[in-house]
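Biologist: I keep hearing words like pocket, cavity and contact. Could you show me how such labels are earned?

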Amino acid sequence: MSSDRLDRIRLAGDVPSHIAVIMDGNGRWARDRGLPRHVGHREGMKSVREAIEGAVDSGVDILTLFAFSTENWSRPAQEVSALMGLLQLFAKKEGAELRRQGVEVHVLGDLARIDDPTRSAVDEIVSTTRGGTALRLNLMISYGGREEILRAARILAERVAQGSLSVEDIDEDELAGALFTQGAPNPDLLVRTSGEYRISNFMLWQLAYTELHITDVLWPDFDREHLFDAILDFQRRERRFGRVASE
Ligand code: IPE
Ligand code: IPE
Ligand code: MG
């Protein structure tokens with residue numbers, strides 16, 4: 001796939017190795033067209049495909065997509081079931097193609113809350129794509145950042161209680177290892193669509209030094225060129241991690 005932006009990304013050099021995305025604005029996209037919200041969610045699936053292909057083409061190693069938050073369980077039952085249905089559809093339709101592209105899918109979140117058919121569809125796509133080396137795709141489902149940190153605290157407390165971990169040995173690596181992301185590299189770049197300037201309980205630990213790119217584009221309108229724009233924006237940033245700027 002040739003793209004002027006892709007050429008510029010390659011010339012600039014450092015591609016973010018991990019991009020996380022808060023896919024937002026499906027409801028507004030539908031409302032703007034006088035359509036029900038679930039149509040916006042369905043349309044958003046095309047953008048998921050675009051983002052995956054854009055990530056593979058630009059050489060990103062990890063793409064993490066926020067698909068459903070712990071707070072999203074409080075939406076109307078009809079919308080929740082439409083979203084679970086789309087997740088099943090995605091898992092059933094995309095497994096073979098993702099495997100062909102070398103995309104390894106991981107599903108992270110409180111999966112115990114998910115209904116059985118959705119659970120087995122996601123289990124299936126995880127096993128179909130296991131071993132892919134082109135891109136790791138994390139689908140964050142029933143995921144909340146605070147819940148993830150609480151869960152990690154419980155895991156570590158349990159290990160202390162059992163005597164396999166001492167309190168003095170609890171450090172950043174131990175805590176990060178007990179998160180759903182299990183110590184995998186933190187996102188270099190966070191993209192949020194639909195112009196909302198907030199984190200909405202996403203990856204609170206992992207985003208500590210992530211660069212933020214917020215675009216007004218609504219998720220169903222998002223395509224790979226928008227992802228390339230976000231990468232180009234990232235490449236212009238100077239990451240300092242609290243130190244002084246390099247001369
Ligand atoms: C994002 O779109 C999808 C999910 C949160 C599941 P929204 O459904 O939040 O769309 P808006 O924010 O209402 O436009
Ligand atoms: C964040 O979007 C969750 C996902 C994209 C899955 P929301 O639309 O749920 O977040 P708020 O309500 O605008 O904070
Ligand atoms: Mg929203």
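Here is a chat about the empty spaces and the two ligands.

Modeller: One thing before we start: this is a predicted model.

Biologist: Fine. What makes a space the largest pocket here, and what fills that space?

Modeller: A pocket is an open set of points with protein on both sides within 12 Å along at least five of seven lines. The largest pocket holds about 730 Å³ of space. Of its 31 lining residues, Met23, Asn26, Phe66, Ala67 and Asn72 are the closest to the centre. Two or more lining residues come from each of helix H2 (26-32), H3, E2, H4 and strand E4 (135-143). Ligand 2 takes up space that is the largest pocket, and ligand 1 sits in the largest pocket too.

Biologist: How do you know that ligand 1 "sits in" the largest pocket?

Modeller: The test asks for more than half of a molecule's atoms within 2 Å of the grid points. Ligand 1 passes that test for the largest pocket, so we say it sits there.

Biologist: Which residues come nearest to ligand 1?

Modeller: There are 13 residues around ligand 1, and Asp24, Gly27, Arg28, Arg37 and Arg75 come nearest. To get onto that list, a residue needs a heavy atom within 4 Å of the ligand.

Biologist: And what makes the pairing of Arg37 with ligand 1 a polar contact?

Modeller: Check the distance against the cut-off. A side-chain N or O atom of Arg37 is 2.8 Å from an oxygen atom of ligand 1. The limit for a pair of N or O atoms is 3.5 Å, so this pair counts. Backbone atoms can do the job as well: Gly27 has an N or O atom 2.9 Å from a ligand 1 oxygen, and a polar backbone atom of Asn26 is 3.2 Å from one. Both values are within 3.5 Å, so these are polar contacts too.

Biologist: How much of ligand 1 does the protein bury?

Modeller: On its own, ligand 1 would expose 380 Å², and the protein buries 86% of that. H2, H3 and H4 each give two or more residues to the shell around ligand 1. H2 has the largest share, with 3 residues.

Biologist: Now ligand 2. Which residues surround ligand 2?

Modeller: Among them are Ile22, Met23, Phe66, Phe68, Asn72, Arg75, Arg192 and Ser200. Strand E2 (residues 62-69) gives the largest share of that shell, 4 residues.

Biologist: How do you know that Ser200 makes a polar contact with ligand 2?

Modeller: Same recipe. An N or O atom in the Ser200 side chain is 2.6 Å from an oxygen atom of ligand 2. That is within 3.5 Å, so the label fits. Asn72 has a polar side-chain atom 2.9 Å from a ligand 2 oxygen, and for Arg75 the distance is 3.3 Å. Those pass as well, because the cut-off is 3.5 Å. Taken alone, ligand 2 exposes 390 Å², of which the protein buries 78%.

Biologist: How do the residues of the shell around ligand 2 divide by class?

Modeller: There are 5 nonpolar, 3 polar and 4 charged residues. For the shell around ligand 1, the split is 3 nonpolar, 5 polar and 5 charged.

Biologist: What about the second largest pocket, which residues lie nearest its centre?

Modeller: Those are Glu172, Asn186, Trp205, Gln206 and Ala208, out of 16 lining residues. About 270 Å³ of space lies in there. By class, its lining has 7 nonpolar, 5 polar and 4 charged residues.

Biologist: So why is another space called a cavity and not a pocket?

Modeller: In a cavity, a 1.4 Å probe fits but cannot get out, whereas a pocket is open. The search finds 1 cavity of 30 Å³ or more, and the largest cavity has a volume of about 30 Å³. Its lining includes Arg49, Ile52, Phe90 and Leu98. Helix H3 (37-58) and helix H4 (77-101) each supply at least two lining residues, with H4 giving the largest share, 5 residues.

Biologist: What makes up that lining by class?

Modeller: The lining of the largest cavity has 3 nonpolar, 1 polar and 4 charged residues. Glu53, Glu94 and Glu97 are in that lining, and they count as charged because Glu belongs to the charged class.

Methods:
Residues numbered from 1 in each chain as written. Chains lettered and ligands numbered in written order. Predicted model: local features only at pLDDT ≥ 70, side-chain atom pairs only at ≥ 80, totals over all residues. Heavy atoms only, no water. 1 Å grid on protein atoms, 1.4 Å probe; cavity = no way out; pocket = protein on both sides within 12 Å on 5 of 7 lines; lining within 4 Å. Points joined across faces, edges and corners; volume = space filled by probe spheres on them. Polar contact = N/O pair within 3.5 Å; in protein donor to acceptor, adjacent residues only side chain to side chain. Areas by Shrake-Rupley, 256 points an atom, 1.4 Å probe, with all protein chains shown as cover.
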